Every structure is written in structure tokens, then in C-alpha cells.
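Reader: I'm new to this one and would like a close look at its inside: where is there empty space, and where is it packed? Please spell out any cut-offs as you go.

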Amino acid sequence: MRRKPRIPPAPLPQRHGVDPVRIRLPREGSWATARAYLVERLAAGDGVIDTMIGEGLIVRADGRPLTAEAAYAPGMFLWFHRELPHEEPVPFPLDVVYRDEHIVVADKPHFLATTPRGSHVAETALARLRRELDLPELGAAHRLDRLTAGLVLFTVRPGERGAYQSLFRDRLIGKEYEAVAPYDSGLALPRTVSSRILKERGVMAAREVAGEPNAVSGIDLVEHRDGLGRYRLTPRTGQTHQLRVHMSALGVPILGDPLYPVVTGPVPAGDFRRPLQLLARTLEFTDPVTGRAHRFASGRTLEAWASYDAWSARGTGVRQSVPRVPGAGDQ
């Protein structure tokens with residue numbers, strides 16, 4: 001059994017709270033030079049790679065710049081900083097609910113990605129917290145969808161990250177969400193919804209398919225008025241978009257959802273007017289490092305419940321009618 005290679009520490013510092021890109025050259029390959037591999041692997045073109053090499057932007061594990069003539073060495077690690085995309089700043093605060101020497105619990109706003117991914121890199125919760133708290137080794141123990149607001153658990157020490165991630169993997173953490181969606185008097189609640197959810201790479205929306213369930217959600221109605229319901233959602237698994245898929249499948253899609261039940265056009269960058277009405281309300285767990293019992297609650301509110309008219313009007317300039325489902329509005 002081949003041993004997993006030891007990954008040396010990054011020889012480059014973070015930029016804007018974002019780690020440098022790390023590449024490991026494959027153990028098998030016919031490239032004469034490391035440059036030739038990078039040209040093929042990164043698909044950036046000869047000129048881009050040559051410029052980066054010429055300016056000393058690609059470095060080895062010891063911090064020495066890679067040269068254009070450097071021979072291909074199987075297993076070699078290389079680092080560089082990618083050019084950051086332009087990002088519209090998310091104009092909402094990222095509040096720290098709790099912090100000690102092991103963890104940080106943050107109350108994430110809507111529209112802010114949890115970790116760098118795709119076109120969201122520096123404008124993410126992780127990068128922001130690294131900068132604002134001066135904690136360059138901060139890591140995320142789990143993720144929330146970019147459109148979902150609420151509590152996210154981060155770890156301060158890299159060596160302890162696995163212990164906190166195991167809370168989610170082993171379902172040892174209590175999570176409760178809140179959502180605003182249409183009210184259906186014919187929908188019997190509380191109930192447990194279980195199905196098999198498939199999320200394919202490159203496809204925006206997940207979908208339910210036949211097979212053994214891999215997604216289980218508890219769904220309950222807290223209160224209702226004027227055709228809207230405020231729901232308590234307790235996911236027992238962690239599939240992508242699980243709560244959004246299950247609410248849509250019940251005929252009560254969460255307000256502001258651009259994917260379920262129908263994928264709509266992409267929201268323009270910088271349009272923060274009508275957030276998805278889904279909030280990670282509480283986190284509860286026993287700290288695997290300190291043994292301390294924790295329970296945290298988000299201080300955020302869902303605007304469509306507090307003031308549906310204000311939430312709705314910000315989307316189009318006029319009040320939108322409440323989505324109707326069979327029985328909606330029956331008191």
C-alpha cells in the first residue's frame with residue numbers, strides 16, 4: 001500500500017486571506033520539464049506560464065523560483081498565487097458569535113460563500129475571517145450554501161480540524177434551520193422526508209432519483225399567516241441543497257430560491273435584493289477537543305417573515321403576490 005506523501009508547508013504567504021495554489025507533479029509522465037507539464041495541466045497557454053516563471057511567481061517547496069529548464073521531477077510540489085477574479089463585495093456583516101483557542105462560530109450573511117470556490121475567492125467567509133481575525137490557519141469544518149445565511153463552524157488549529165469535521169460526518173451535531181415558504185393547509189406536518197438526491201458536477205440543481213435514500217430531513221410548521229409559513233427544518237444528513245430539494249418536493253419551495261422548483265436566470269453580480277429565505281438557526285454539539293457542551297443561535301431574521309412586502313418589493317419595485325399552493329391561506 002503506497003504511503004500518502006507528506007505535504008510540505010506552503011512557501012508562499014496568503015494573499016487577502018486566500019492560500020496559494022498547490023500542484024503536485026504526477027509520479028508517471030513523459031514531460032521533459034516541469035514547465036511543459038504546467039502548460040498542459042493549467043491550460044493557460046505558453047505565454048502565461050512563461051511570464052509567471054520569468055517573474056518568479058511559481059516556486060518549489062523550498063521557496064526557490066521554478067526555472068523554465070527545470071527537469072520534470074515526479075512528485076514535486078509547486079506553489080503559485082492565482083490571479084483573483086473581480087468580486088462584488090457582499091455588503092453585509094459577518095458576525096462572530098463565539099471564539100476560543102480552538103473554534104470560531106460565525107453568523108454568515110446571505111450571498112457570502114463559505115470557502116473559496118469558483119468565482120468566489122477573497123469575498124468568502126473563510127477569507128474574510130482570516131483577514132479580520134488575523135488567523136491565517138483558520139479552516140472551515142463544514143459549508144453552507146452561498147445563498148443560505150446562518151451559523152458556520154471554523155477551526156483555529158489545522159491539526160484539530162478533522163475532529164470537528166467528524167461531528168458532521170458522524171451526525172454528532174444538532175442543526176436546526178428556519179425557512180419561509182408558502183403555507184399549505186393540506187400538508188400534514190411534522191413529517192420526515194427521505195429520498196435519494198443526486199448532484200451532478202456542472203449542473204446547477206440537484207434532483208431526486210430512484211434508489212436507497214441518502215438524504216433525510218425533519219420538517220415542521222412553526223406558524224403561518226397570510227399564505228406564508230415559517231418552518232423548522234432539521235437535516236439528519238448533509239446532501240447538497242437537501243432542504244431546498246425536500247421543501248420543493250413537498251410543494252412549498254423556499255421563497256427566493258433561484259433553483260427549485262425551476263432554475264431561473266442567474267442573478268447579476270451585486271444584486272443582493274431578495275435573499276433565499278433559509279437560515280441555519282442553531283448549532284449544538286459537545287466539543288471533541290475540550291468536552292465543553294455548546295449551543296449557538298443565529299441573531300439573524302428572515303425578512304420575508306418579518307416584512308414580506310419589503311422583501312418582495314425589493315426584487316422588482318412592486319409587491320409580488322404570495323406564491324399559492326393548494327390550500328394556501330386557509331386559516
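Author: Here is a walk through the cavity, the pockets, the cores and one residue in a loop.

A word on the ground rules first. This is a predicted model, with local features needing pLDDT of at least 70 and side-chain atom pairs counting only at pLDDT 80 or more, while totals for chains, interfaces and linings use all residues. Residues are numbered from 1 along each chain as its sequence is written, and side-chain values use heavy atoms, leaving out hydrogens and water.

Let's start with sealed space. The structure has 1 cavity of 30 Å³ or more, and the largest cavity holds about 30 Å³. (On a 1 Å grid over the protein atoms alone, a cavity is a set of points where a 1.4 Å probe fits but cannot get out; a pocket is an open set with protein on both sides within 12 Å along at least five of seven lines; lining residues have an atom within 4 Å of a point. Points are joined across faces, edges and corners, and volume is the space filled by probe spheres set on them.) Around the largest cavity sit His142, Leu144, Leu151, Lys175, Tyr177, Ala280, Thr282 and Leu283. By class, that's 5 nonpolar, 2 polar and 1 charged. (Ala, Val, Leu, Ile, Met, Phe, Trp, Tyr, Cys and Pro count as nonpolar, Asp, Glu, Lys and Arg as charged, the others, Gly among them, as polar.) Strands β7 (174–182) and β12 each chip in at least two lining residues, with β12 giving the largest share, 3 residues. (Helices, H or I, at least four residues, and strands, E, at least two, are DSSP runs numbered from the N terminus.)

Now for the open spaces. The largest pocket takes up about 1600 Å³. It has 47 lining residues, and His120, Arg146, Leu147, Met204 and Pro258 lie nearest its centre. That lining is a mix of 17 nonpolar, 15 polar and 15 charged residues. Next, the second largest pocket comes to about 930 Å³. Of its 27 lining residues, Asp19, Pro20, Arg22, Arg130 and Arg161 are closest to the centre. The elements giving two or more residues there are β1 (21–24), α3 (125–133) and β5 (139–140). Its lining splits into 16 nonpolar, 4 polar and 7 charged residues.

So much for gaps; on to the packing. The largest nonpolar core has 35 residues, and Leu138, Phe154, Leu233, Met247 and Leu278 touch the most other members. (A nonpolar core is a set of buried Ala, Val, Leu, Ile, Met, Phe, Trp, Tyr and Cys residues joined through side-chain atoms within 4.5 Å; buried means under 20% relative accessible area, exposed over 50%, partly exposed in between, with a 1.4 Å probe and protein chains only.) Helix α3 gives the most to this core, with 4 residues. Leaving aside neighbours within four places in sequence, Leu138 is in contact (heavy atoms within 4.5 Å) with residues including Val104, Leu126, Phe154 and Val156. Apart from this core lies another, of 16 residues, with Ile23, Val39, Ile53 and Ala70 among them. Val39 also turns up among the buried residues of helix α1 (residues 34–42), along with Ala34, Arg35, Tyr37 and Leu38.

Finally, look at Asp257, in the loop between α5 (242–249) and β12 (278–286). Asp257 counts as buried because its relative accessibility is 11%. Its side chain makes a polar contact of 2.8 Å with that of Arg244. (That's a pair of N or O atoms within 3.5 Å; within protein, one must be able to donate a hydrogen and the other to accept it, and residues adjacent in sequence count only if both atoms are side-chain atoms.)
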